[in-house]
Amino acid sequence: MFKIKKVEAGDVLITEGTIQPFIFILKSGKMTVIKSSGREIKILGEISPGEFIGEMAHLGSVKEHTASVIAQVDSELVEIESENFLQV
């Protein structure tokens, strides 16, 4: 149903415009949410431990990720298969 995923600083967890079969909960570390528009990159916010990542693409009407998520520091996440999310 879920597993622990480790990412290193600078790793891209989610890429804007794609869809992954997972929803994440940040267990430790810090992530940055960015959106690109042409050559411009805009920082939308930061994700702290305890927050969800990627859920909007699976629970809402939009069926792709609307922003990218990059690890600021080495981080650990709980990776949940989207089809099992409501059960977890």
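What radius of gyration would a compact globule of 88 residues have, and what value does the protein have? A compact globule with 88 residues would have a radius of gyration near 12 Å, and the protein has 12 Å, so the two agree. The model is predicted. Taken along the principal axes, the box filled by the C-alpha atoms is roughly 40 × 30 × 15 Å. The accessible surface comes to about 5,500 Å², and carbon and sulfur atoms account for 53% of that surface. Of the 88 residues, 30% count as buried.

The protein contains one helix and eight strands. Along the sequence, these elements follow the pattern β-β-β-β-β-β-α-β-β. Contacts often link distant parts of the sequence: among those between residues at least 6 apart, 74% join residues at least 24 apart.

Four of the strands make up an open sheet with antiparallel pairing, in the order β1-β8-β3-β6. Its edge strands are β1 (2-7) and β6 (52-53), each of which pairs on one side only. Within this sheet, β3 and β8 run antiparallel and are joined by six bridges. One residue of this pairing is F22, whose bridge partner in β8 is E81.

Strand β4 (residues 31-37) pairs with two strands described here. With strand β5 (residues 40-47), β4 pairs in the antiparallel sense over seven bridges. M31 has I47 as its bridge partner in β5. The hairpin of β4 and β5 has two residues between the strands, and G38 in this hairpin takes a positive phi near 65°. With strand β7 (residues 68-71), β4 again pairs in the antiparallel sense, here over four bridges. The bridge partner of V33 in β7 is V69.

The largest nonpolar core has 13 residues. Those with the most contacts inside this core are L13, M31, I47, I53, V69 and L77. Two or more residues of the core come from each of the elements β2 (12-14), β3 (22-28), β4 and β7. M31 and I47, listed among the core residues with the most contacts, are also bridge partners. Leaving aside residues up to four places away in sequence, V69 touches D11, V12, L13, I14, M31, T32, V33, I47 and I53. The residues touched by V69 thus include its bridge partner V33.

The count of aromatic pairs comes to one. This pair is formed by F22 and F24, with 6.2 Å from centre to centre and 50° between the planes, and is tilted. The two rings belong to residues that are covered to unlike extents. F24 is buried, because its relative accessible area is 0%, whereas F22 counts as partly exposed because its relative accessibility is 22% and the cut-off for buried is under 20%.

Both residues of the aromatic pair are touched by E79, which lies in strand β8 (residues 75-81). E79 counts as buried because its relative accessibility is 8%, under the 20% cut-off. Not counting residues up to four places away in sequence, E79 touches M1, F2, K3, K5, F22, I23 and F24. Two of these contacts are with the lysines K3 and K5.

Note on methods. Residues numbered from 1 in each chain as written. Predicted model: local features only at pLDDT ≥ 70, side-chain atom pairs only at ≥ 80, totals over all residues. Heavy atoms only, no water. Pairing = 2+ DSSP bridges. Phe/Tyr/Trp six-rings, centres within 6.5 Å; stacked < 30°, edge-to-face > 60°. Buried < 20%, exposed > 50% of the residue type's maximum accessible area, 1.4 Å probe, protein only. Core = buried A, V, L, I, M, F, W, Y, C linked by side-chain atoms within 4.5 Å. Contact = heavy atoms within 4.5 Å. Rg over C-alpha atoms; globule rule 2.2 N^0.38 Å. Areas by Shrake-Rupley, 256 points an atom, 1.4 Å probe, with all protein chains shown as cover.
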